[in-house]
Amino acid sequence: MLLGFCLMPNHLHFVVQPKTPEALSAFIPIPLPVDWNHLLETPLSLQELSRIRTAVNRQAPFGSPDWQTMIAKLLGLVSSLTPRGRPRKIQEK
């Protein structure tokens, strides 16, 4: 058993590390990709990390833009996808 942490700094969780990937399948109802271990060990790019941090800080759904919009509407989180602050005034010419 390992002590893991959540993206929120005040949350700790106990995590069970299975001895084999097959042992994990009892907890996850979908099949894992063939290169699962490689995906876990590959570091995130700066762009991916920035997108995750933005989603966490804004409490917004994380995923493709279409999926984000659909889930935000479903869960009432549309304001988490809009720019922060008051809208800018449109300057007349």
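Helices here are DSSP runs of H or I with at least four residues, strands are E runs of at least two, and both are numbered from the N terminus. With that in hand, Gln59 sits in the loop between helix 3 and helix 4 (65–75).

**Figure 1. The whole chain, a predicted model with four helices and two strands.**
Start at the N terminus and the elements read β-β-α-α-α-α. Of the 93 residues in the protein, 11% are buried. The accessible surface adds up to about 9,100 Å², and carbon and sulfur atoms account for 62% of that area. Take the contacts between residues at least 6 apart in sequence: 11% of them join residues at least 24 apart. As for confidence, the mean pLDDT is 80, with 72% of residues at 70 or more. Residues 1–5 have a pLDDT below 50, though beyond near neighbours in sequence this stretch still has 15 contacts in the model.

**Figure 2. Helix 3 and the residue just after it, Gln59.**
Helix 3 covers residues 46–58, which is 13 residues. From first C-alpha to last it reaches 18 Å, close to the 18 Å expected at 1.5 Å a residue. Then comes Gln59, just after the helix, with a positive phi of about 55 degrees. Why give that angle a second look? Most residues other than glycine have a negative phi. Gln59 is not a glycine, yet its phi is positive. Is Gln59 buried or exposed? Its relative accessibility is 63%, and the cut-off for exposed is over 50%, so Gln59 counts as exposed.

**Figure 3. Ala60, a buried residue in the loop between helix 3 and helix 4.**
Ala60 has a relative accessible area of 16%, and buried means under 20%, so Ala60 makes the cut. What does Ala60 touch, leaving aside neighbours within four places in sequence? Its contacts are Ala55, Ser80 and Leu81. The loop residue can also be placed against Val78: 18 residues separate Ala60 and Val78 along the chain, while their C-alpha atoms are 8.3 Å apart.

**Figure 4. Ser80, in the segment after helix 4.**
Here we look at the contact between Ala60 and Ser80 from the other partner. Ser80 has 9% relative accessibility, so it counts as buried. Besides Ala60, Ser80 touches Arg58, Gln59 and Pro61, once residues up to four places away in sequence are set aside. One of those partners, Gln59, is itself exposed, at 63% relative accessibility.

**Figure 5. Helix 4, with buried residues along one face.**
Which residues of helix 4 are buried? They are Gln68, Ile71 and Ala72. Looking down the helix axis, these buried residues fall within an arc of 105 degrees, so they line one face of helix 4. Over on the other side of the helix, Asp66, Lys73 and Leu74 are exposed. Just after helix 4 comes Gly76, which takes a positive phi of about 70 degrees.

**Figure 6. Gln68, a residue of helix 4, and its contacts.**
Gln68 has a relative accessible area of 18%; buried means under 20%, so this glutamine qualifies. Not counting residues up to four places away in sequence, Gln68 touches Pro61, Phe62, Gly63 and Leu81. Two of these names turn up in earlier views. Leu81 is also in contact with Ala60, and Pro61 is also touched by Ser80.

Methods: Residues numbered from 1 in each chain as written. Predicted model: local features only at pLDDT ≥ 70, side-chain atom pairs only at ≥ 80, totals over all residues. Heavy atoms only, no water. Expected span 1.5 Å × (residues − 1). Buried < 20%, exposed > 50% of the residue type's maximum accessible area, 1.4 Å probe, protein only. Contact = heavy atoms within 4.5 Å. Areas by Shrake-Rupley, 256 points an atom, 1.4 Å probe, with all protein chains shown as cover. Arc of directions from axis to C-beta. pLDDT = per-residue confidence, 0-100.
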